[in-house]
Amino acid sequence: MAKLTTDELLEQFADLTLVELSEFVKAFEEKFDVTAAAPVAIAGAGGGAAAEEVEEKDSFDVILEAAGDKKIQVIKVVRELTSLGLGEAKAVVDGAPKAVLEGANKETADKAKEALEGAGATVTLK
């Protein structure tokens, strides 16, 4: 098998859903015994407060406020973002405001928000 270039690998990852990408990262971490989290350097006596502040900003909840006019599209996106079945995804959409993702990193939360808004939903990050 020919070795893929960085650009070719990135193209492959661009085709994955957020759930598939999340599963890949977990598998990668297990296989190579590494963590994908960025290291945080803390200097000075106020380091504890700085660590808590960074920690808070690294974890976001994606809250579906309203489904909008395209409810079916929003349900499809919720299913792509989570491992929920059709019934559970519909319950999340019907129960808005409701958390779609909890404790997601900034990049995942932003992508989820963009996908949901693209389907016509109203979304907030907390």
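Begin by selecting glutamate 102, which sits in strand 2 (residues 98–104); helices (H or I, at least four residues) and strands (E, at least two) are taken here as DSSP runs and numbered from the N terminus. The model is predicted, so that local features need pLDDT of at least 70 and side-chain atom pairs count only at pLDDT 80 or more, while totals for chains, interfaces and linings use all residues. Residues are numbered from 1 along each chain as its sequence is written, and side-chain values use heavy atoms, with hydrogens and water left out.

**Around glutamate 102**

With a relative accessibility of 63%, glutamate 102 counts as exposed, on a scale in which buried means under 20% relative accessible area, exposed means over 50%, and partly exposed lies in between (1.4 Å probe, protein chains only). Show next the residues around glutamate 102: once those up to four places away in sequence are set aside, it touches Phe60 and Asp61, contact being defined as heavy atoms within 4.5 Å. A distance drawn from the C-alpha atom of glutamate 102 to that of serine 59 comes to 7.8 Å, although these positions lie 43 residues apart along the chain count.

**The whole chain**

Zoom out and colour by secondary structure, and the protein chain resolves into six helices and three strands, which follow one another from the N terminus in the order α-α-α-β-α-α-β-α-β. Of the 126 residues in the protein chain, 20% are buried. Among contacts in the chain with a separation of 6 or more, 64% are accounted for by residues 24 or more positions apart. Switch to a surface display, and the accessible surface comes to about 9000 Å², with 54% of it belonging to carbon and sulfur atoms; accessible areas come from the Shrake-Rupley method with a 1.4 Å probe, and for residues only the protein chains shown count as cover.

**Two surface patches**

Keep the surface on and select Leu16, Phe24, Val25, Phe28, Phe32 and Val34, which together make a nonpolar surface patch of about 480 Å². Patches are made of residues with over 30% relative accessible area and no salt bridge, like charges being joined within 9 Å and nonpolar side chains (Val, Leu, Ile, Met, Phe, Trp, Tyr) within 5 Å. One member of this patch to centre on is phenylalanine 28, found in helix 2 (residues 18–32), where its relative accessible area of 40% makes it partly exposed.

Move then to Asp7, Glu8, Glu11 and Asp15, which form a negative surface patch. Lys and Arg count as positive and Asp and Glu as negative, with His and the chain ends not counted, and the place of a charge is taken as NZ of Lys, CZ of Arg, CG of Asp or CD of Glu. Within this patch, glutamate 11 belongs to helix 1 (residues 6–14) and, at 55% relative accessibility, counts as exposed.

**Salt bridges along helix 6**

Side chains of opposite charge can pair when their charged atoms come close. The whole structure holds five salt bridges, each being a side-chain nitrogen of Lys or Arg within 4 Å of a carboxyl oxygen of Asp or Glu.

Select lysine 106 and aspartate 110, whose side chains meet in a salt bridge at 3.4 Å, N to O; the two are four residues apart in helix 6 (residues 106–118), and therefore separated by about one helical turn. Lysine 106 is partly exposed at 41% relative accessibility, as is aspartate 110 with a relative accessible area of 31%.

Next, pick lysine 111 and glutamate 107, which form a salt bridge with their closest N and O atoms 3.2 Å apart and are again four residues apart in helix 6, about one helical turn. Lysine 111 is partly exposed, at 36%.

Then select glutamate 117 and lysine 113, where the closest N and O atoms of the salt bridge are 3.9 Å apart, and where both residues lie in helix 6, four residues apart, or about one turn of the helix. Glutamate 117 counts as partly exposed at 37% relative accessibility, and lysine 113 is partly exposed at 26%.

**A network to finish on**

Finally, select Lys71, Lys90 and Asp94, which salt bridges that share partners join into one network. Lysine 90 lies in helix 5 (residues 86–94) and is partly exposed, with a relative accessible area of 39%. Leaving aside neighbours within four places in sequence, lysine 90 is in contact with Lys71 and Ile75, and its C-alpha atom is 8.9 Å from that of valine 74, 16 residues away in sequence.
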